[in-house]
There are 2 protein chains.
Amino acid sequence: MEHLLIKPDPLNPRLTRSVSGIDHNGEAQEIRVVEERPLTIYLNSQEIVTAMTIGDYPEYLAVGFLRNQGMLLASDVITRVDFDEEVETVVVRTERKTDYEEKLKKKTRTSGCAVGTVFGDMMEGLDAVQLPATRLKTSWLYSLAHQINTMPSLYLTAGAIHGSVLCHEDVPLVYMEDVGRHNAVDKIAGWMMLEGETAGDKIMYTTGRLTSEMVIKTALMGIPTLASRSGFTAWGVEIARQVGLTLIGRMRGKRFICLSGEERLEWDADVNAVQDEPRKSVRKGKTK
Amino acid sequence: MEHLLIKPDPLNPRLTRSVSGIDHNGEAQEIRVVEERPLTIYLNSQEIVTAMTIGDYPEYLAVGFLRNQGMLLASDVITRVDFDEEVETVVVRTERKTDYEEKLKKKTRTSGCAVGTVFGDMMEGLDAVQLPATRLKTSWLYSLAHQINTMPSLYLTAGAIHGSVLCHEDVPLVYMEDVGRHNAVDKIAGWMMLEGETAGDKIMYTTGRLTSEMVIKTALMGIPTLASRSGFTAWGVEIARQVGLTLIGRMRGKRFICLSGEERLEWDADVNAVQDEPRKSVRKGKTK
């Protein structure tokens, strides 16, 4: 039977910190906030980027980042991944000799919540993507949303964090959180590459918006379904339709909107039996 | 009398698009979603970056991005800013000869919601920052939040967008929206530079999280107060305390938390008279 392999770790003292301040009544308050630390990623002898991350799973983050940037190929043999906590670096070593000096010169700022950059051509490799027309039961969507929203998480403990969850049917398999949404997705990509996991039967659930970057990343990972609590951008929808990705957004309680791949939906859920979200698990991303 | 100089433009047909899909009942729906388009920024003859942006105010975005990256100095004389809509480029020209080849090699992914990059050293210039100990009345906070949350905006029309607002006391002056939070802030920085606006008496309000990047940007812009509906990261709090920035987060209805600069608050608001937020204006960022 399938079960959750990686789940949020809200009790890990390395991931949150207690800070003191005052509230609106002028009273002293102590709250937990998430950590944010640099991690410099190397591919063989080349420094690629410094990521601001919460700091868990640095090996998955490095491998997934490099894979999603097209710097690690599906065929690459990874010989070692070394994380050095003290100097905050992770080095991914491959059999193949790599040199991305040219690619590093071309930068695209993506449209997430921070200065965003994708190296090289954002659309690179997208023409070759053939996503399988995997069926999607609406009962899975409701079950996944309920499980993910009510599970103990850094989000429920400290807020200010994004989550991405790799799912199979109605089972959440890998639930990653990070201060950067891209990092959460990259950690999943790294886990998939290192574990040799298949993509064509999976669902990606994210708490973030369905922007072009998120759609491209999911498609390049070979995952045919992307679902979110948040809203859409026009270009995200356009690319999803081009590559045949099922795109579900604005998932709240019984509501959702499907803007691509609607012919793959199986309407097996009784919508009237779906409960509204419990207030304490109402997430950010409360977009219309 | 002061008044709003730039406000959201939800009726501008260039900024949103109508797309069709189906909802949770299987019924056809037509919704508006925000646009997301590339804009390549040049400084003199050098290509610096391609930003994914909603596309309004390209000149402010380019100037503000370059200023916030330290590539335009406060002393720089801008001779021309040329936007070419067809090829989606904007070129900023200065009297001073510029060359940032070396700086472009050092990249830091920030912790926002997309792959984030800051060129050069993220903390560069922060040691020299001296923020004035500007007073902050709690009545201004409540008034600003109410005005900003109820004003017609792309957010209320289409969702999936961030807002940043430059304010003076209880007056919102410049309200920018963008698919990238960093873009909204950069557009404000560009407006301030081109209009020669002072910073020491201003308040920056953002819908996004108070991460290190957001705190550093606000401090480097010389703005002594940063307020948000969303939550904090530990490093964001640490830097705010180092540079003497007043940091207010988790602003919802009558609630807020102040984690830096609390001695500058003037408690002139009657908390019990502050109303809860109307439901239709409840924004994403509903973090705890």
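Hi everyone, let's start at a single residue: Gly244(A) comes right after helix H6 of chain A and has a positive phi, near 75°. Chain B has its counterpart to look at, since Gly244(B), just after H6(B), takes a positive phi of about 75°.

A word on what you are looking at. This is a predicted model, in which local features need pLDDT of at least 70 and side-chain atom pairs count only at pLDDT 80 or more, while totals for chains, interfaces and linings use all residues. Residues are numbered from 1 along each chain as its sequence is written, and chains are lettered from A and ligands numbered from 1 in the order in which they are written.

When I say helix or strand, I mean a DSSP run: H or I with at least four residues for a helix, E with at least two for a strand, numbered from the N terminus.

Now back to helix H6. Which residues of H6(A), residues 234-243, are buried? They are Ala234(A), Trp235(A), Gly236(A), Val237(A), Ile239(A) and Ala240(A). Buried here means 20 or more other C-beta atoms within 10 Å of the residue's own, exposed means 12 or fewer, and partly exposed is in between, with C-beta atoms placed from the backbone. What covers them includes helix H5 (212-220), S14 (246-252) and S15 (255-260) of chain A, together with S1 (16-23) and S2 (28-34) of chain B. So that you know what touching means: two residues are in contact if their C-beta atoms, placed from the backbone, lie within 7 Å.

Over in chain B, the buried residues of H6(B) are Ala234(B), Trp235(B), Gly236(B), Val237(B), Ile239(B) and Ala240(B). They pack against S1 and S2 of chain A, along with H5, S14 and S15 of chain B.

That brings us to the sheets. One open sheet of 8 strands runs in the order S11(A)-S10(A)-S12(A)-S13(A)-S14(A)-S15(A)-S1(B)-S2(B), with mixed pairing. S11 of chain A and S2 of chain B are at the edges with a single partner strand each, so one side of each has no neighbour in the sheet. On average, neighbouring strands in this sheet are turned by 30° against each other, direction ignored. Strands pair, by the way, if DSSP finds at least two bridges between them.

Where do the two chains meet in this sheet? S15(A) and S1(B) pair in the antiparallel sense over 2 bridges, and Cys258(A) has Ile22(B) as its bridge partner in S1(B). As a general reminder, side chains in a regular strand alternate between the two faces of the sheet.

There is another open sheet of 8 strands, also mixed, in the order S2(A)-S1(A)-S15(B)-S14(B)-S13(B)-S12(B)-S10(B)-S11(B). Its edges are S2 (28-34) of chain A and S11 (171-178) of chain B, each with a single partner strand, so one side of each is left without a neighbour in the sheet. Within it, S1(A) is joined to S2(A) by 7 bridges and the two run antiparallel, with Val33(A) as the bridge partner of Arg17(A).

Helices lie across these sheets. H4(A) lies across S10, S11 and S12 (202-206) of chain A, at about 135° to S11(A). H6(B) lies across S1 and S2 of chain A and S14 and S15 of chain B, at about 60° to S15(B). For these angles, axes are lines fitted to C-alpha atoms, for helices over the stretch in contact, and values run from 0 to 180 degrees between N-to-C directions.

How do H1(A) and H4(A) cross? The axes of H1(A) (residues 58-68) and H4(A) (residues 181-195) come within 6 Å and cross at roughly 90°. That makes H1(A) roughly perpendicular to H4(A), a term for 65 to 115 degrees; under 35 is roughly parallel, over 145 roughly antiparallel, and the rest oblique. Among the contacting residues are Leu61(A) and Phe65(A) of H1(A) and Ile188(A) and Trp191(A) of H4(A). By class, the contact has 10 nonpolar, 4 polar and 4 charged residues. Nonpolar covers Ala, Val, Leu, Ile, Met, Phe, Trp, Tyr, Cys and Pro, charged covers Asp, Glu, Lys and Arg, and the others, Gly among them, are polar.

Finally, two loops. Glu88(A) has a positive phi near 55° without being a glycine, and it sits in the loop between S5 (78-84) and S6 (89-94) of chain A. With 16 other C-beta atoms within 10 Å, Glu88(A) is partly exposed. Glu169(A), also a residue other than glycine, has a positive phi near 50° and belongs to the loop between S10 (162-168) and S11 (171-178) of chain A. It has 15 C-beta neighbours inside 10 Å, so Glu169(A) counts as partly exposed.
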